[in-house]
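User: I have just opened this model and don't know how to read it. Could you walk me through it, one feature at a time?

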Amino acid sequence: MPDDIQGAADTVIEVTIASHYRFVEMVGTVADQLTQLAGFEAENVDWVGLAVRESIVNAIKHGNQLDISKPVQVRFHLTDEKLIVVVRDRGNGFDASHLADPRDPENLLNPNGRGIFYMRTFMDTVEFLPHRQGGLEVRMVKYRPASHASSNGSDASHSRSQG
């Protein structure tokens, strides 16, 4: 089996789960497998997986308020240049600009806000967008390793944004 799926542009995997923590690891494993197959280094596989898991936990807990009748939709879109992960909940949304910085001394022991901090740290871009049919979408992008993009004739350079 090849160790990457270079050239398999526009690979899309969609998963819809109930708002229950027991499904977080299953979707996280999909992220781990896809990033490994896409040629990400082991460290980045771990960081992307953590960002995806944190996003799903937030969708279940904060977005859907643990309401098992409200689904969480996860979409992985792999292109030659990047991996795009979109996690959608059915909650009321929030303003990410008003989150406390977990690195501030007064927040060091506060467990809240760390998931979004991890997402912003480990992904290249993170956006929080209201969905037109309700709920919130978290859109995260991780650019593929330069060797994959350059071998496909793409420019692998990009700027890091914290959404």
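**Reading the fold, step by step**

User: Let's start in the middle. What do the buried residues of α3 pack against?

Analyst: They pack against α2 (42-63), β4 (125-130) and β5 (136-143). Here packing rests on contact, meaning heavy atoms within 4.5 Å, while buried means under 20% relative accessible area, exposed over 50% and partly exposed in between (1.4 Å probe, protein chains only). One caution: this is a predicted model, where local features need pLDDT of at least 70, side-chain atom pairs count only at pLDDT 80 or more, and totals for chains, interfaces and linings use all residues. Residues are numbered from 1 along each chain as its sequence is written, and side-chain values use heavy atoms, with hydrogens and water left out.

User: Which residues of α3 are the buried ones?

Analyst: A handy idea: an α-helix has 3.6 residues a turn, so residues three or four places apart point the same way. In helix α3 (residues 114-122), the buried set is Gly-115, Ile-116, Met-119, Arg-120 and Phe-122.

User: And how do α2 and α3 pack?

Analyst: Think of each axis as a line fitted to C-alpha atoms, for helices over the stretch in contact, with angles from 0 to 180 degrees between N-to-C directions. The α2 and α3 axes are 9 Å apart, and the angle is about 145°. On the α2 side the contact uses Trp-47, Leu-50, Ala-51, Glu-54, Ser-55 and Asn-58, and on the α3 side Gly-115, Ile-116, Tyr-118, Met-119 and Phe-122.

User: Now zoom out. How many helices and strands does the chain have?

Analyst: Helices (H or I, at least four residues) and strands (E, at least two) are DSSP runs, numbered from the N terminus. The chain has four helices and five strands, running β-α-α-β-β-α-β-β-α from the N terminus. Of its 163 residues, 40% are buried.

User: What is the order of the strands in the sheet?

Analyst: Two strands pair if DSSP finds at least two bridges between them. The five strands form an open sheet in the order β1-β2-β3-β5-β4, with antiparallel pairing. At the edges are β1 (11-18) and β4, each pairing on one side only. From one strand to the next the twist averages 15°. As for α3, this helix packs on the sheet by touching β4 and β5, and its direction makes about 130° with that of β4.

User: Over how many bridges do β1 and β2 pair?

Analyst: Eight, in the antiparallel sense, with β2 covering residues 71-78. Val-15, for instance, stands opposite Val-74 in β2.

User: Let's try single residues. Is Glu-14 buried or exposed?

Analyst: Glu-14 sits in strand β1 and is exposed, because its relative accessible area is 60%. Beyond neighbours within four places in sequence, Glu-14 contacts Val-74 and Arg-75. A polar contact is a pair of N or O atoms within 3.5 Å; within protein, one must be able to donate a hydrogen and the other to accept it, and residues adjacent in sequence count only if both atoms are side-chain atoms. One of 3.1 Å joins the side chains of Glu-14 and Arg-75.

User: What about Arg-53, buried or exposed?

Analyst: Arg-53, in helix α2, counts as buried because its relative accessible area is 15%. Its side chain reaches the backbone oxygen of Gly-28 at 3.4 Å. Setting aside neighbours within four places in sequence, Arg-53 contacts Val-24, Glu-25, Gly-28, Thr-29 and Asp-32.
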